[in-house]
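Please open the model in your viewer and keep the selection tool at hand. The stops below are meant to be taken in order.

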Amino acid sequence: MVWLVHYPLLHLPYYWDEAGYYIPSAYDFFRSGTLIPYSTLSNAHPPLPSILLAAAWKLFGYHILVTRSLMCLVSATALIAVWRLARAAGCRPPVAARTVVLTALYPVFFAQSSLAHADMFAAPATLWALVFLVEERLWPSILCFSLAAVAKETAIATPVALATWELLQAWWQRRRGLNSWPPHARRGFPLLLPILPLAAWYAWYYSRTGFLFGNPQYFRYNATSTLVPSRFLIALFHRTLQVTLHMNLFVIFILTMSTLLVPPLHEADGSQRQAIEWKNKAYFFVVIIANLIFFAIFGGALLTRYLLPVYPIVLL
């Protein structure tokens, strides 16, 4: 279905960061097997997108249609994760289905669904990691967070934020004498493990190039030059608008806020409909807030695609 709705777009030439980095990088790996691109400036982005794109080209040929079809498959994987996440959070099938449809049609997600940007590779891995976390399947969640990190380095913000949340709860409850340190710690510390594959990539990259985070100009534009308080506040304002009002999102946001003013509906048997559990709501709010803050600090351009895994959670 994703492929069909994107069919008129599947032959569009590469553009934006596709043409500037991701396709040349993957093509260098496709031709020579090197994970460090030489036909474009190397930005130290993790290698998973190049590996997957090169694998698709090896199997089906180097063609734009192959690239776009692969990205539609990746975005469909993300939409399946949205369904599973809604169901795991306790939502009924109609709510889960509507969340999937709204996600697929939301302009930011729709536009990225056929583009070969690393953000779409990281999005399904992050969403599946959240599915497994809500289902209390910790190690599959850690594996998916690790895949997200080696798809796009900024995806590491989500597991680190969730680990911090768990450890803060452990500290607070232990301080109150509730002796809840072990359960939260058993989730919190392992959630830091996705840092390791990303650190291994940067260590290997540094050993080959002498640069830790890619060419200095790129790092300065996306990191060091953004560490200005006034810039952070303005960026945080824009990021907040992007997850509440951007591209007609204000319609759903206002409706969501209005539901807080009315009591929950009742089921056919008279029982009150259950809301999403507080624990899962906390996970969702931590992910949203952490990404808003992280991408208000880092990233020279305030691109909405950086928040790709956040939009399904907001819509849910």
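What follows is a walk from one selection to the next, with a note on what is found at each.

This is a predicted model, in which local features need pLDDT of at least 70 and side-chain atom pairs count only at pLDDT 80 or more, while totals for chains, interfaces and linings use all residues. Residues are numbered from 1 along each chain as its sequence is written, and side-chain values use heavy atoms, with hydrogens and water left out.

**Start of the chain**

Select M1, which sits in the segment before α1 (2-5); helices here are DSSP runs of H or I with at least four residues, numbered from the N terminus. M1 is exposed, at a relative accessible area of 74%, where exposed means over 50%, buried under 20% and partly exposed in between, with a 1.4 Å probe and protein chains only. Add W3, L4, V5 and Y7 to the selection, and together with M1 they make a nonpolar surface patch of about 560 Å². Such a patch joins nonpolar side chains (Val, Leu, Ile, Met, Phe, Trp, Tyr) within 5 Å, taken from residues with over 30% relative accessible area and no salt bridge.

Within that selection, W3 and Y7 form a tilted aromatic pair, 5.3 Å centre to centre with 55° between the planes. Rings of Phe, Tyr and Trp (its six-membered ring) pair if their centres lie within 6.5 Å, and planes under 30 degrees apart count as stacked, over 60 as edge-to-face and the rest as tilted. W3 is partly exposed at 34% relative accessibility, and Y7 is partly exposed at 43%.

**Helix α2 and its charged residues**

Next select E18 in helix α2 (residues 17-32). Which residue forms a salt bridge with E18? The partner is R68, with the closest N and O atoms 2.5 Å apart; a salt bridge is a side-chain nitrogen of Lys or Arg within 4 Å of a carboxyl oxygen of Asp or Glu. The pair links distant parts of the chain, since R68 lies in helix α4 (residues 64-88), 50 residues from E18. E18 is buried at 0% relative accessibility, and R68 is buried at 1%.

Further along α2, D28 and R31 are three residues apart, about one turn of the helix, and they form a salt bridge at 3.3 Å between the closest N and O atoms. Here D28 is buried at 0%, whereas R31 is partly exposed at 48%.

**Helices α7 and α8**

Now select α7, where 17 of 17 residues are buried. W128 and F132 lie four residues apart in this helix (residues 118-134), about one helical turn, and both are buried. After α7 comes E136, whose phi is positive, near 60°.

Move on to α8 (residues 138-149), whose end C-alpha atoms are 16 Å apart, in agreement with the 16 Å expected for 12 residues; the expected span is 1.5 Å times one less than the number of residues. Its L138 is buried at 16% relative accessibility. Leaving aside neighbours within four places in sequence, L138 is in contact (heavy atoms within 4.5 Å) with L133, R186, R187, P190 and L191.

**Last stop: R187**

Keep R187 selected and add E166, with which R187 forms a salt bridge (3.0 Å, N to O). E166 lies in helix α9 (residues 157-175) and R187 in helix α10 (residues 181-188), so the pair ties together parts that are 21 residues apart in sequence. E166 is buried at 1% relative accessibility, while R187 is partly exposed at 25%.

Definitions and conventions. Helix = DSSP H or I, 4+ residues; strand = E, 2+ residues; numbered from the N terminus. Patch = residues over 30% accessible without salt bridge, like charges linked within 9 Å, V, L, I, M, F, W, Y side chains within 5 Å. Areas by Shrake-Rupley, 256 points an atom, 1.4 Å probe, with all protein chains shown as cover.
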